[in-house]
Amino acid sequence: MNEEPQIVGFAANANQTTVHPIGLLAVVILGICVLIVPRRWSTIPFLIIACFIPSAQRIVIASLDFDFLRIMVIFGLFRIMMHKEHLNFVRKPLDKIIIFWTISSVFFMTLRVGTLSVLINRIGFAFDVIGMYFVFRCLIKSWADLDKLIYGIILISIPVAIFMFIENKTGRNLFAIFGGVSEFTGIRDGRLRCQGAFSSPILAGCFWASCVPLIGAFWWKSQQARMWSVMGIITSLVIIFCSASSTPIMGLIAAILGGLMFYFKAFMRHIRWGIAIMIVLLHIIMKAPVWHLISRVSAVGGSTGYHRYILIDRTINHFSDWWFSGCSGYVVLSWGIYRGDVTNQYIAEGVNGGLLTMALFIALIAYAYRDVGRLWRMNKKNAYQLALSWALGCSLFVHCVNYIGVSYFGQIVVARYLLFAIIASLSVSKSLYFKRSCPGIIESRLRKVGE
């Protein structure tokens with residue numbers, strides 16, 4: 001019997017120790033750096049591991065899988081306890097939702113499959129999500145912390161772009177020595193699809209597409225920062241185009257559109273409703289469902305947009321198969337999906353954990369957007385913080401577009417949890433938002449109460 005199609009979230013290199021001496025040295029040195037460097041720089045080692053060490057590098061002890069990012073989370077937790085950086089932790093609504101989403105994913109997949117291996121996998125997933133998210137929440141507390149993070153991202157992008165460019169010119173991936181990535185670069189329609197240390201070319205491009213808005217916002221920091229911003233944009237574009245994948249290109253377009261929307265920020269409510277109404281009208285007018293438009297999107301040759309359309313269409317048509325607690329890879333394969341490949345993060349949430357898990361994931365995104373909206377309205381008088389606030393929303397938009405074309409695994413999850421953590425840490429309470437943004441409304445309400 002053929003092996004069951006892989007459940008989304010299971011690592012391809014799980015259950016086997018793969019350690020290269022350079023990788024081991026890197027995780028030890030960077031782990032020590034997490035413990036001793038100033039807090040504002042302590043997130044950079046996580047990004048270095050994500051960008052230069054393939055996710056195949058891991059240590060397995062008694063069936064417990066510790067990939068190097070998971071080991072870095074352990075270092076991060078030790079740091080937080082050592083420096084007592086958790087004492088002033090302020091809980092935010094986003095914290096609760098990410099916990100509920102994680103619990104739902106763990107519970108429903110374990111309930112459905114009912115095996116020890118799945119339980120262990122889901123516990124590892126929960127540790128990654130909650131551990132990584134709360135480490136970043138404790139380490140990033142202010143705009144100055146975000147400022148250092150962006151500077152670090154720009155510096156990291158330079159060697160990553162160089163490695164990707166070399167791979168594009170030679171057809172060989174230098175990171176193959178670590179395992180988990182092929183030595184010879186894949187080709188589609190005559191284009192080399194470079195991936196560097198990332199788990200796939202698509203994820204490599206998506207990672208850096210999500211960084212473009214933050215790098216672009218660095219322009220508003222100072223005259224000197226403009227040079228670094230331009231440098232970061234150029235290197236990010238090199239990485240994205242070397243990946244030769246449609247999804248990162250669409251993510252880049254989303255970043256550009258999101259940036260342009262800044263000039264129409266006063267009309268965003270109307271724009272959102274207009275887009276929603278347009279989608280409904282297109283669905284009524286078109287002969288095919290509106291999501292069929294995805295099949296026509298191709299930023300590079302050989303795009304599999306039709307597969308993504310079929311995946312959405314079959315998921316809706318087979319709602320009863322997955323709504324309660326998800327479904328197995330065999331079930332997805334029976335829908336006519338090629339190799340049972342779930343290349344959509346929203347659908348992956350439903351396949352893994354049912355409708356509730358999918359709804360909580362969408363709620364997580366919605367609450368993050370709400371916090372971003374409050375954030376940029378609170379910082380209208382500071383050009384740099386206003387640009388950063390808007391960039392956080394643009395980066396989130398890039399991820400949302402990416403989710404239509406790929407389900408995240410491997411190193412790119414760092415970008416996701418880091419972004420949610422930044423938004424939660426910088427977000428403001430509802431009472432403070434109304435007090436500072438709508439003082440006239442507050443005063444009029446107080447007068448009415450007095451009367």
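Start by selecting Cys211 and showing its sulfur: the closest cysteine sulfur sits in Cys51, 7.4 Å away, too far for a bond. Keep in mind that you're looking at a predicted model.

Stay on Cys211 and switch on the surface. Cys211 is buried, with a relative accessible area of 7%. Now hop over to Cys51, which is buried too, at 2% relative accessible area. Looking back from Cys51, the closest cysteine sulfur is the one in Cys211, at 7.4 Å. A disulfide would need the two sulfurs within 2.5 Å, so this pair doesn't make one. How many disulfides are there by this rule? The count is 0.

Next, go looking for empty space. Counting cavities of 30 Å³ or more, you get 2. Head for the largest cavity, which has a volume of about 110 Å³. Its lining has 13 residues, and Cys211 turns up again here: together with Ile153, Leu214, Ala415 and Leu418, Cys211 is among the closest to the centre. Select those five as sticks to mark the spot.

Which helices should you colour around the largest cavity, given that each supplies at least two residues of its lining? Pick helix 6 (143-170), helix 7 (201-217), helix 15 (383-405) and helix 16 (413-426).

Last stop: colour the lining of the largest cavity by residue class. You'll find 10 nonpolar residues and 3 polar ones, with no charged residues in the lining.

Terms used: Residues are numbered from 1 along each chain as its sequence is written. This is a predicted model: local features need pLDDT of at least 70, side-chain atom pairs count only at pLDDT 80 or more; totals for chains, interfaces and linings use all residues. Side-chain values use heavy atoms; hydrogens and water are left out. On a 1 Å grid over the protein atoms alone, a cavity is a set of points where a 1.4 Å probe fits but cannot get out, and a pocket is an open set with protein on both sides within 12 Å along at least five of seven lines; lining residues have an atom within 4 Å of a point. Grid points are joined across faces, edges and corners, and a volume is the space filled by probe spheres set on the points. Helices (H or I, at least four residues) and strands (E, at least two) are DSSP runs, numbered from the N terminus. Ala, Val, Leu, Ile, Met, Phe, Trp, Tyr, Cys and Pro count as nonpolar, Asp, Glu, Lys and Arg as charged, and the others, Gly among them, as polar. Buried means under 20% relative accessible area, exposed over 50%, partly exposed in between (1.4 Å probe, protein chains only).
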